[in-house]
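I am opening a notebook on a structure that is new to me. I want to go through it one part at a time and write down what I look up.

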Amino acid sequence: MRNIQSALVIGGGIAGPATALALHKAGIRATVYEAYSSTADGLGGMLMVAPNGLNALAILGLDQAVSGIGQPIKAMVMADACGKPIMQVPALPGLPDSQLMWRSDLYRVVRGAATAQGIHLEHAKRLVAVHETDTAITATFEDGTTATADVLIGADGIHSTVRKLIDSEAPEPRPDGLLGLGGESDLELPGRTDAIYFVQGKRAFLGYWLQPNGRPAWFANLPSKQYMSTAEARSIPTRDWLTRLGDTYAGDVPAEQLIAHAIPESVLALGSTDMLPEVPHWRRGRMVLVGDSAHAPNHSSGQGVSLAVESSVELARCLRDIDDPSVAFAAYEQLRRQRVTRIAAQAARANQRKAAGPIASALMTLMMRVAVKTFASPEKMFGWVQGYRIDWDTPIQGYAAQEPTRAASAVWEPATAK
Ligand SMILES: Cc1cc2nc3c(=O)[nH]c(=O)nc-3n(C[C@H](O)[C@H](O)[C@H](O)COP(=O)(O)OP(=O)(O)OC[C@H]3O[C@@H](n4cnc5c(N)ncnc54)[C@H](O)[C@@H]3O)c2cc1C
């Protein structure tokens, strides 16, 4: 009989139910424990599921369902403050389109699939402590109840409790120097509904896309040295935010117009956006991290949810094939760490550009133009990120319970090669 038969999955966001589904496919029984008493239906904004995320979701049989709730994106267009394109990144050949969607729709699909497989999702179960023996691990929840299984998986997000239980010195997320705002505008704008536009303005960055009804939606990143909580950001009247946005984007095309025509009721202020420094310890004993608790690349990557699902699937594959949890977790970390760290570093550089002052920003736009003309093909820049596939059917072998060496797993393979 196999050694690892059951798992406690802490966190019922996206990575939690996705991990439980992957474990179910691997023949391991999982129960998901979520801190909040109610579901997260209707909560959250828009996020992007990239082709590599869809590849991972396909292993769970969810790629079609997820594509069905998204707006397909076939191109990314980077433009300067005058609206002049610097670079156009078409969809890479052989890969599915990226999909832009409401976080709550994705949550509904992943959660619904888990429930349909008979996976239990328990609410009002906030993990507060763990107790580990040689053969099992017990979770204690805030309501005093407990649950025991062979392993415990922390899918409890960027403010993870499991991360702290693994390592009391684990890093905390910290503000990345930007304030996030989003909204819709009542404006007719030329462009495609299957592209997303990134504008590096003179003073700040703005992204937008045309929704299927043609109405533009946008997200703004305002450089700010001061931390602001979501509650503080929401306490500021919308008209004040619109004035600040108007000043920031004055003279930028089409950012200035998008803000001038913003629909006030649609404007959402999120406060400071977070970045998670590299987490040194992903695992200890029978505990391991998955998703944002282990790696939360900042929003500039457009990879948060895609990497979370990749990790969910890879972790289940390791637990399927390796009987000793410490060896399975070591294998999982070796397979994942290098890739997620590299993507996080790339996103951090993009964020630095967004938070830079006008002179540095103009210089970086110039460097980008030169790079595009000389060496930066879309395949080179994004192929290794978006073309990534997990080979679910190949058994994992040859790993030992050592400290991870940084494995080279981030290999770009054209989709036609498989
Ligand atoms: C309500 C919500 C809205 C979001 N909206 C967006 C968005 O608009 N755009 C975007 O790009 N990303 C958004 N995210 C983040 C995005 O979902 C993640 O970056 C990504 O999907 C990876 O998911 P995750 O499951 O690792 O983390 P999360 O989606 O953050 O899920 C973690 C879950 O763990 C639960 N949890 C935390 N601590 C405990 C504990 N001690 N015990 C039990 N459960 C616990 C949380 O309540 C949460 O449900 C949102 C997250 C949440 C929770």
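The entries below go from the whole chain to its sheets, its helices and its cysteines.

**Entry 1, the chain as a whole.** I note before anything else that this is a predicted model. I looked up the overall make-up and found 12 helices and 19 strands in the chain. The chain has 418 residues, of which 54% count as buried. I also looked at contacts in the chain with a separation of 6 or more, and 74% of them are accounted for by residues 24 or more positions apart.

**Entry 2, the sheet of six strands.** I traced an open sheet formed by 6 strands, which I wrote down in the order 8-2-1-12-19-18, and the pairing in this sheet is mixed. Its edges are strand 8 (120-122) and strand 18 (283-284), each of which pairs on one side only. I then followed one pair within the sheet, where strand 1 (residues 6-10) and strand 2 (residues 29-33) are joined by 5 bridges in the parallel sense. In this pair I found Val9 opposite Val32, the latter belonging to strand 2.

**Entry 3, helix 1.** I asked myself why helix 1 can be called largely enclosed by the rest of the structure. The reason I wrote down is that 9 of the 11 residues of helix 1 (residues 15-25) are buried, so the helix is largely enclosed. The buried residues are Ala15, Gly16, Pro17, Ala18, Thr19, Ala20, Leu21, Ala22 and Leu23. When I looked for what covers these buried residues, I found that the cover includes strand 1, strand 2, helix 4, strand 8, strand 12 (151-154) and helix 9. Just after helix 1 I came to Gly27, which takes a positive phi of about 85°.

**Entry 4, the sheet of three strands.** I looked up a further open sheet, formed by 3 strands in the order 3-7-4 with antiparallel pairing. Strand 3 (46-49) and strand 4 (71-73) are its edge strands, and each of them pairs on one side only. From one strand to the next, the twist averages 30°. Strand 4 and strand 7 (residues 98-102) run antiparallel and are joined by 3 bridges, and in strand 7 I found Ser98 as the bridge partner of Ile73. Helix 4 (residues 103-116) packs on this sheet, where it touches strand 3 and strand 7, and the direction of the helix makes about 100° with that of strand 7.

**Entry 5, helix 2 against helix 9.** At what angle do helix 2 and helix 9 pack, and how far apart are their axes? I noted that helix 2 (residues 51-59) and helix 9 (residues 304-321) pack at about 35°, with their axes 8 Å apart, and that the crossing is left-handed. On the side of helix 2 the contact is made by Asn52, Gly53, Ala56, Leu57 and Ile59, while helix 9 brings Ser306, Leu307, Val309, Glu310 and Val313. Sorted by class, this contact has 6 nonpolar, 3 polar and 1 charged residues.

**Entry 6, the cysteines.** How many disulfides does the count come to? Taking a pair of cysteine sulfur atoms within 2.5 Å as the rule, I arrived at 0 disulfides. I also looked up the surroundings of two cysteines: Cys82 is exposed, with a relative accessible area of 60%, whereas Cys318 is buried, with a relative accessible area of 0%.

Definitions and conventions:
Residues numbered from 1 in each chain as written. Predicted model: local features only at pLDDT ≥ 70, side-chain atom pairs only at ≥ 80, totals over all residues. Heavy atoms only, no water. Pairing = 2+ DSSP bridges. Axes fitted to C-alpha atoms, helices over the stretch in contact; angles between N-to-C directions. Contact = heavy atoms within 4.5 Å. Buried < 20%, exposed > 50% of the residue type's maximum accessible area, 1.4 Å probe, protein only. Left-handed = near helix turned anticlockwise from the far one by under 90°. Nonpolar A, V, L, I, M, F, W, Y, C, P; charged D, E, K, R; others polar.
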